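Colleague: I am new to this model and would like to know how its terms are applied. Could we go through them slowly, one by one?

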Amino acid sequence: MEKKDIDWSKLGFAYQQTDMRYVSNYKDGAWDEGVLTADANITLNECACIFQYCQECFEGLKAYTTEDGRIVTFRPDLNAERMMDSAARLEMPQFPKERFIDAVNQVVKANAAYVPPFGSGATLYIRPYMMGTNPVIGVKPADEFQFRMFTTPVGPYFKGGAKPITIRVSDFDRAAPHGTGHIKAGLNYAMSLHAIVDAHQQGYDENMYLDAATRTKVEETGGANFIFVTKDNKVVTPKSRSILPSITRRSLMYVAKEYLGLEAEEREVTLEEVKDFAECGLCGTAAVISPVGKIVDHGKEILLPSGMDDMGPVIKKLYDTLTGIQMGRIEPPKGWIHVIE
Ligand SMILES: *Cc1c(COP(=O)(O)O)cnc(C)c1O
């Protein structure tokens, strides 16, 4: 198959329309059979529930080419399950897991010419989402929905090496203790936009959010979970009901234990103890891990011993092992690599 004429190394993280997307509509209590379409636009009534009350959830995963030339995705079953959890919390119908995976297969195959070649560092980002589509003005859930999945090629996350970033402790909260922080919904991002624009204006790359109830415990950033490494090489990730359960973070904790023989623990992490860690990273699908070099808490600077030049040694090992598994250089745990065929 002929690849599109794209300079893969120059791609950033921006939407670029591809040929086909998958659409399925829910009406009268059932999903229709679903189709691939060339139409990238959606026409909805002005009063559609998504526009009025933001009834929407989404997912993010990527397709890429392994060393031996297969097109694969990483643990799409977990994206399917997480989207079912998000839909249930927002009173939306669940899109069945087998159908989600079938849609991934269809949409990636239909856009195979946009899947970047091995070694380019680029990937084909897949964005599944679901929204309430019928008119709703009195506050209640919609009863018609659309599930959609489009793709867009994106560039290597780190151009010229992974440079540690600087983050700040945010005065804004991301998620309430019994709210929606644990689901992947656009509404959690709408309210984070002001905080991230403000952080960038102040010269920071990201916000570290604390637990909203006590503001003493570390939660996550706007779109990535934390992992920390203690001075005696233990991997620690914050435990909280209001953190989004990152698939990358769950995979890294498994890799730490089962591949690297490290102790790995999910537990509450206080802001107070952050100064005692040796390494810190942000994990998510886009970057796998972004190393954090500095955390600023209202003028008080916490410099991670790993510094501002390179990833810390343990985070580097975690990064190399997980990307090795993803790229087919290291034997994966059963079910982690889904081949598109
Ligand atoms: C998507 C997301 C993550 C990262 O999850 P992955 O499954 O690893 O991509 C972390 N935090 C939030 C708030 C997210 O929306």
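Modeller: The count of aromatic pairs comes to 16, where rings of Phe, Tyr and Trp (its six-membered ring) pair if their centres lie within 6.5 Å.

Colleague: Why is the pair of W31 and F95 called edge-to-face?

Modeller: Planes under 30 degrees apart count as stacked, over 60 as edge-to-face and the rest as tilted; the planes of W31 and F95 stand at 90° with ring centres 5.0 Å apart, so the pair is edge-to-face. This is a predicted model, in which local features need pLDDT of at least 70 and side-chain atom pairs count only at pLDDT 80 or more, while totals for chains, interfaces and linings use all residues. Residues are numbered from 1 along each chain as its sequence is written, and side-chain values use heavy atoms, with hydrogens and water left out.

Colleague: What makes the contact between T248 and the ligand a polar one?

Modeller: A polar contact is a pair of N or O atoms within 3.5 Å, and a polar side-chain atom of T248 lies 2.6 Å from an oxygen atom of the ligand. Backbone N or O atoms also come within that limit, that of I247 at 2.9 Å from a ligand oxygen and that of A224 at 3.4 Å from a ligand nitrogen.

Terms used: Polar contact = N/O pair within 3.5 Å; in protein donor to acceptor, adjacent residues only side chain to side chain.
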